[in-house]
Amino acid sequence: MSASPAPGQQDLNSGTVGIVMLVHTALDRAAQVARHWAAGGCPVVIHVDRKVPQAAYRGFRDGLAQDQLISFSTRHRCEWGTWGIVAASQSASEQMLHQHPGVRHVYLASGSCLPLRPVQDLVDYLAARPETDFIESATTADVPWIVGGLDVERFTLRFPFSWKRHRYLFDRYVTLQRKLGIKRRIPPGLVPHMGSQWWCLTRKTLSAILEDPERITHDRYFQKVWIPDESYYQTLARQHSAKIESRSLTLSKFDFEGKPHIFYDDHLQLLRRSDCFVARKIWPSAERLYQTFLSERGDAMTGVEPNPVKIDRVFAKAVERRTRGREGLYMQSRYPGQTAINAVTASPYSVFQGFAELFEDFDGWLARMTGARVHGHLFAPERAEFAGGETMLNGALSDSARLRNYNPQSFLTNLIWNTRGERQGFQFGPADHQKIARLIATDPNAQVSVISGAWAVPLSRSKRSFSELRRIAARLQRIEAGQLKMLRERSTKARVRIWTMAEFVEAPMEPLQTILEEMGAKTPGHLNEVPSMVDLEGFGQFLQNLKNQGMHPYLMGDFPVEQEPVTMPKPPRRPYLVR
Amino acid sequence: MGLWQSYRMRLRRKRRLIRALRKSRELTAVQDNTKAIRPQDILLVSTMRNEQIRLPYFLEYYRNLGVDHFLFVDNGSQDGTAEYLRGMSDVSLWRTEASYRHAGFGIDWMNYLKRRYAHGHWVLVVDPDELFIYPFCDTRPIRALTDWLDNSAIRSFSAMLVDVYPKGRVSDAVYQVGQDPLEIANWFDSGNYTISKNPTYGNLWIQGGPRARLFFADTPKKAPALNKIPLVKWDRRYAYVSSTHALLPRGLNRVYETGGGEKACGALLHTKFLDTFGTKAREEMSRNQHYAQSAEYKAYAEALDNHPELWCKWSERYINWRQLEILGLMSKGNWA
């Protein structure tokens, strides 16, 4: 890198860019980048954090001593969120302006910043905009990126304690000030603004800030502001700048906690296509990035505007994944409590109660009409009745009742997750494993349709002894009654429709139509195929017999002892819509 | 969590550490290269018995990821493990003939080694048949991950166990020395895992996969735990309490998000089901040195006799970590 031009000669060219570089770690990478800037003709003033051991600092400085364009400024102790960083950039900036009169723009960068475009590109870009200050600067009311709940209070409270080292005192002191209602006075004329701490200011604006007659007042005020490096220049530039472009030329993305995202070798293409001038932070061991972007490239993209949209998307997704995650997924690093989420499962599904009992081949018919996968009783006592009689389902989900009952919630959420993209429906009833019922009721993805009392239909045709049937009927009715009560609770989030069997049998077409429409039937409007209802002859008599035996079947509604044969279809009637 | 609970956990942790110290007397150093460990090194700790056949690939795999030093406990191998490792400057080896079971299934020995050598280091604890994968492991070395974890103030990183198995009979998947086991066993179950929370240590308890559906369909509660936290920025006060499923202090087990988001996590591809498995199962059964009186191995031996294939038509073929992330078995979290 000895090809750097002599300093005097370079400085005479009016309108170079000076780089102020704040360094605290990965010194060898910082040195590499500093040489790169200098080789491109840009003077560099480096500030090394006072916390860096003297020996390391000396080695770093001596390594760069050869380069006339690189100099070092007074060292300050820089701690995140405190004044030290501003003090560091102030003294380095003063040195830059003083020593390099040819500098028209000063670019504030860190040691982990990496220029992505040829240095000359940046110089030309700024030369074409000689009066423009590039500094992200917005009023506190309008910024979404504040972490930790301190927005305007950054400017009105005092922060003498370190957030990183003395969090307890920090928090206590904030609380105390809030309680006592103590507020600092913002110096007259200042309107607090905030933004990325990586700016590029014109000599004019920067000198005006640093030579402001009120500087002592400003500095004293900002020394106690929280994270002043995000507000000092951002606020003061508004006082002095003729033309602010409120954006940073440094591509820097932040995660959900406000920590900067880091770039690795595999971001190479993404960074290249961003057309940004500088990116941070780069992982110090990202050899390929440093090699690629610091090697000389002739293909200057003169004048192209930075376009970080693609990168924005990648990192926005990361934040989304970390804060919201994939709905309906339960895994080693996502285990939301019921209250933390909207939906229990990954996508909408339909639960039918009583339909398979009332219609012949209901599953098959529904599957044909809707294209959904319609299972039998997934929670049947013997096994999970997967569609098509399968013993295993997507994701190697087993039909074993024991495995399923061991954790019914996982079974259902797995099933819905594994089959995402394909609508699922299944039968449920009072004879099934009931532990899942509450979960279904609280799941907004569940669409529950119940024909109450239909469980009695298979019983009425059973050949078992009547006393046994009576006992079963009593049990099923008790279970279903409890279930309906739960479905009607206010806390229920599932979409629930309940018909008594008598009501349904009287007018079955409209409910069926509604169900099909909700499931996205292929042929809305009219039904070209209607499921056939089972023969209900003798059903009324069966109910009467139960009554005669002292059991009171009421969930099915009122059935005459002699049921007339039901002919489908019949004129529609409004369903009884619970929710 | 009340004060009393915290105090009990503290006692339990102390007890673990004392046990580790006591059990350390069972270890004899065979090859001690620990002087070569530098402050920033990433370490790997493992206990093994007659796994020499797996070691060449195992070492290659983890050296490529960027592990700097290996700390091995050889529990009575007779297959030339020590001879094979002799002279490797990044391997330190201890030997013991003592009971694996009485040493808390090896964790006492390993807790001791970590307390002694891993304080302040990132340390990975894996078995010789486990391959650790994490987001971007095909493009970023493990140090990229640990640097990021350091930066994010995260101390522990979870990687669930994913059993991989061959298509066809397990005994037909013949493993050659030095071979990538994923060449012959690269199928897995993608969506049959059950999760609940362990109230004692606060870790998640994950079960499922081929072992649950084939060997434990009647006794699902006994199916092996698949949750693991194998990567930890170690401190001498830490201790694993049951395999690498749970640690103390309990905060280290909070590798999952409860507010709806996903934390970054990886996976351990468990390449146990190769032709070497049959012999292993019989041997372990007779030694009775494994968890729950080796019930697990008994169940395997029986089931494999009448159902020698773990593959089913819904098995997924392993491609890469991105596939596992899409399937929902692991997550990049906010690492991008």
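**View 1. The two sides of helix H13 in chain A.** On one side of H13(A), opposite its buried residues, A:Val309, A:Arg313 and A:Ala316 are exposed. This is a predicted model, so please read each view here with that in mind. The buried residues of H13(A) are A:Ile311, A:Ala318, A:Arg321 and A:Arg322. They cover an arc of only 100° around the axis, which puts them on the same side of H13(A). If you look for what covers these buried residues, you will find strand E11 (250–252) and helix H11 (268–274) of chain A among the covering elements.

**View 2. The length of H13(A) and what follows it.** Helix H13 of chain A takes in residues 309–323. Does its length agree with what a helix of 15 residues should span, or disagree? At 1.5 Å a residue the expected span is 21 Å, and the end C-alpha atoms are 21 Å apart, so the two agree. Just after H13(A), have a look at A:Gly325, which takes a positive phi of about 70°.

**View 3. Where chain A meets chain B.** Here 47 residues of chain A are in contact with 48 residues of chain B. On the chain A side, the elements that give two or more residues are H13, strand E15 (392–393), strand E16 (397–398), helix H16 (401–406) and helix H17 (408–418). Which of these gives the largest share of that side? Helix H13(A), our acquaintance from the views above, does so with seven residues.

**View 4. A parallel sheet of five strands in chain A.** This open sheet has the strand order E14-E17-E13-E18-E19 in chain A, with parallel pairing. E14 and strand E19 (495–500) of chain A stand at the edges, each with a single partner strand, so one side of each has no neighbour in the sheet. From one strand to the next, the twist averages 15°. Helix H15 (residues 362–370) of chain A packs on the sheet and touches E14 and E17 of chain A. The direction of H15(A) makes about 165° with that of E14(A).

**View 5. Strand E17 of chain A and its partners.** Strand E17(A) covers residues 424–428, and five of the five are buried, so the strand is largely enclosed by the rest of the structure. A:Gln424, A:Phe426 and A:Phe428 point one way from E17(A), while A:Gly425 and A:Gln427 point the other way. Such alternation fits a general pattern: in a regular strand the side chains alternate between the two faces of the sheet. Five bridges join strand E13 (residues 349–353) of chain A to E17(A), and these two run parallel. To find your way along this pair, start at A:Phe352, whose bridge partner in E17(A) is A:Gln427. Strand E14 (residues 373–377) of chain A also pairs with E17(A) in the parallel sense, over three bridges. There, A:Arg373 has A:Gln424 as its bridge partner.

**View 6. A:Val351 and its surroundings.** A:Val351 is found in strand E13 of chain A. Is it buried or exposed? With 26 C-beta neighbours inside 10 Å, A:Val351 counts as buried, because the cut-off is 20 or more. Its contacts beyond four places in sequence are A:Phe426, A:Phe428, A:Ile440, A:Ala446, A:Gln447 and A:Val448. A:Val351 and A:Phe426 are 75 residues apart along the chain, yet their C-alpha atoms are separated by 5.2 Å. Strand E13(A) is also joined by five bridges to strand E18 (residues 446–452) of chain A, and they run parallel. In that pairing, A:Tyr349 stands opposite A:Ala446.

**View 7. One face of helix H5 in chain A.** Helix H5(A) spans residues 119–127, and A:Val119, A:Asp121, A:Leu122, A:Tyr125 and A:Leu126 are buried. Seen down the axis of H5(A), these residues fall within an arc of 160°, so they line one face of the helix. They pack against strand E1 (16–23), helix H2 (27–39), strand E4 (103–110) and strand E5 (114–115) of chain A.

**View 8. A mixed sheet of seven strands in chain B.** The order in this open sheet is E1-E4-E3-E2-E5-E12-E7 of chain B, with mixed pairing. Its edge strands are E1 (28–31) and E7 (156–157) of chain B, and each pairs on one side only. Strands E5 (residues 122–125) and E12 (residues 231–233) of chain B run antiparallel and are joined by three bridges. B:Trp122 stands opposite B:Lys233 in E12(B).

Definitions and conventions. Residues are numbered from 1 along each chain as its sequence is written. Chains are lettered from A and ligands numbered from 1 in the order in which they are written. This is a predicted model: local features need pLDDT of at least 70, side-chain atom pairs count only at pLDDT 80 or more; totals for chains, interfaces and linings use all residues. Two strands pair if DSSP finds at least two bridges between them. Helices (H or I, at least four residues) and strands (E, at least two) are DSSP runs, numbered from the N terminus. The expected span of a helix is 1.5 Å times one less than its number of residues. A residue is buried if 20 or more other C-beta atoms lie within 10 Å of its own, exposed if 12 or fewer, and partly exposed in between; C-beta atoms are placed from the backbone. The arc is that of the directions from the helix axis to the C-beta atoms. Two residues are in contact if their C-beta atoms, placed from the backbone, lie within 7 Å. Axes are lines fitted to C-alpha atoms, for helices over the stretch in contact, and angles run from 0 to 180 degrees between N-to-C directions.
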